[in-house]
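Q: I am new to this structure. Please take me through one part of it closely, and tell me how that part fits into the rest.

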Amino acid sequence: MATLAEVKQWIAGIYQIETTDFVEGGATGVANLQAKQLADRTAYLKDLIENLDPEVTVADLAAAFVLPVSNGGTGANNAADARTNLGISALFTDSQSLTGNGYQILPGGLVIEWGSVTGIGDNVSGSVVFPAAFSQLFSLVWGDNMSGKPDSSGDLDVSNVGTTGFDYGGYYYSGNFWYIALGTI
């Protein structure tokens, strides 16, 4: 049984066998090309590891193994540069505000926003402005810990719900409420 000869080299892409290829064995046959390319890469990486200087740090290794975008890599050795090189940094810039009234932009564009209003009294109304305006609002959910006045049925009204916020009113109530909104920016 013959074995493939390994060459210590980095192959910039692995061949994909096409439906029009004739399956051919042997050292240069298309049936062995992928295995040969992967064996060459493995030999290349094995040689690098075996010949590392004991003084080399993880940061040195990260800088040495930057795979260009054209070869399927990120072209960077840190997350921020990788996002920039791949053209997706805008998805992560200002993608969150983790405060009491805040938001989180998830990959794919879904946005979760939350907040609270405190100190609502009887016949008090106001407006909530979302921390980040939505282009499309899917859902608004709220809850409260309001207490009604004796002999009354207290009411918390939410109205004029839109992509930038909503209005509220407390009648025969005092307390606080919280909201969560889902949508896209």
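A: What follows is a close look at one hairpin and the core beside it, with a short tour of the rest of the chain.

Start with the whole. This is a predicted model. The chain has 185 residues, and 23% of them count as buried. It holds 3 helices and 9 strands. The order is simple: from the N terminus, three helices come before the run of strands. Among contacts between residues at least 6 apart in sequence, 59% join residues at least 24 apart.

Confidence varies along the chain. The mean pLDDT is 77, and 71% of the residues reach 70 or more. Strand β6, residues 147-148, has the lowest confidence, with a mean of 57. Strand β4 has the highest, at 87.

Now the part in question: strands β7 and β8. Strand β7 covers residues 155-159. Strand β8 covers residues 165-171. The two run antiparallel and are joined by 5 bridges. Two pairs show how they line up. L156 stands opposite G170 of β8. D157 has G169 as its bridge partner.

Which side chains of β7 are buried, and which are not? They alternate along the strand. L156 and V158 point to one face and are buried. D155, D157 and S159 point to the other face and are not buried.

Next, the turn. The hairpin has 5 residues between its strands. N160 sits in this loop between β7 and β8. Its phi is near 50°, a positive value in a residue other than glycine. Most residues other than glycine have a negative phi. Is N160 buried or exposed? N160 counts as exposed because its relative accessible area is 59%, and the cut-off for exposed is over 50%.

The hairpin is part of a sheet. This is an open sheet of 3 strands, in the order β4-β8-β7, with antiparallel pairing. β4, residues 124-129, and β7 are the edge strands, and each pairs on one side only. From one strand to the next, the twist averages 20°. Strands of a sheet pair through backbone hydrogen bonds.

Both hairpin strands also feed the core. The largest nonpolar core has 16 residues. Those with the most contacts inside it are V128, F130, L140, F166 and F177. Elements giving two or more residues to this core are β3 (110-120), β7, β8 and β9 (173-184). In soluble globular proteins, nonpolar side chains tend to be buried together.

Take two of those core residues in turn. L140 lies in strand β5, residues 136-144. L140 counts as buried because its relative accessibility is 15%, and the cut-off for buried is under 20%. Beyond its sequence neighbours up to four places away, L140 touches F130, V158, V161, F166, Y179, I180 and A181. V158 is one of the buried residues of β7. L140 and F166 are 26 residues apart along the chain, yet their C-alpha atoms are separated by 9.5 Å.

F177 is the other one. With residues up to four places away again left out, its contacts include L156, F166 and Y168. L156 is the other buried residue of β7. F177 also touches G115, S116, V117 and I120. V128, W142, G143 and D144 complete its list. So what do L156 and V158 touch here? L156 meets F177, and V158 meets L140.

A second hairpin is worth a look. Strand β2, residues 102-105, runs antiparallel to β3, and 4 bridges join them. G102 stands opposite W114 of β3. The hairpin of β2 and β3 has 4 residues between its strands. In its turn, G108 has a positive phi of about 100°. In the hairpin of β7 and β8, the residue with a positive phi is N160.

Last, a stop among the helices. D40 lies in helix α1, residues 30-50. Is D40 buried or exposed? D40 is buried, with a relative accessible area of 2%. A polar atom of its side chain lies 2.8 Å from the backbone nitrogen of V7. Leaving aside neighbours within four places in sequence, D40 is in contact with A5, E6, V7, K8, Q9 and I11.

Back to the hairpin, in brief. One face of β7 carries the buried L156 and V158. β7 is an edge strand of its sheet. The loop that leads on to β8 holds N160.

Definitions and conventions
Residues are numbered from 1 along each chain as its sequence is written. This is a predicted model: local features need pLDDT of at least 70, side-chain atom pairs count only at pLDDT 80 or more; totals for chains, interfaces and linings use all residues. Side-chain values use heavy atoms; hydrogens and water are left out. Buried means under 20% relative accessible area, exposed over 50%, partly exposed in between (1.4 Å probe, protein chains only). Two strands pair if DSSP finds at least two bridges between them. A nonpolar core is a set of buried Ala, Val, Leu, Ile, Met, Phe, Trp, Tyr and Cys residues joined through side-chain atoms within 4.5 Å. Contact means heavy atoms within 4.5 Å. Axes are lines fitted to C-alpha atoms, for helices over the stretch in contact, and angles run from 0 to 180 degrees between N-to-C directions. A polar contact is a pair of N or O atoms within 3.5 Å; within protein, one must be able to donate a hydrogen and the other to accept it, and residues adjacent in sequence count only if both atoms are side-chain atoms. pLDDT is the predictor's confidence in each residue, from 0 to 100.
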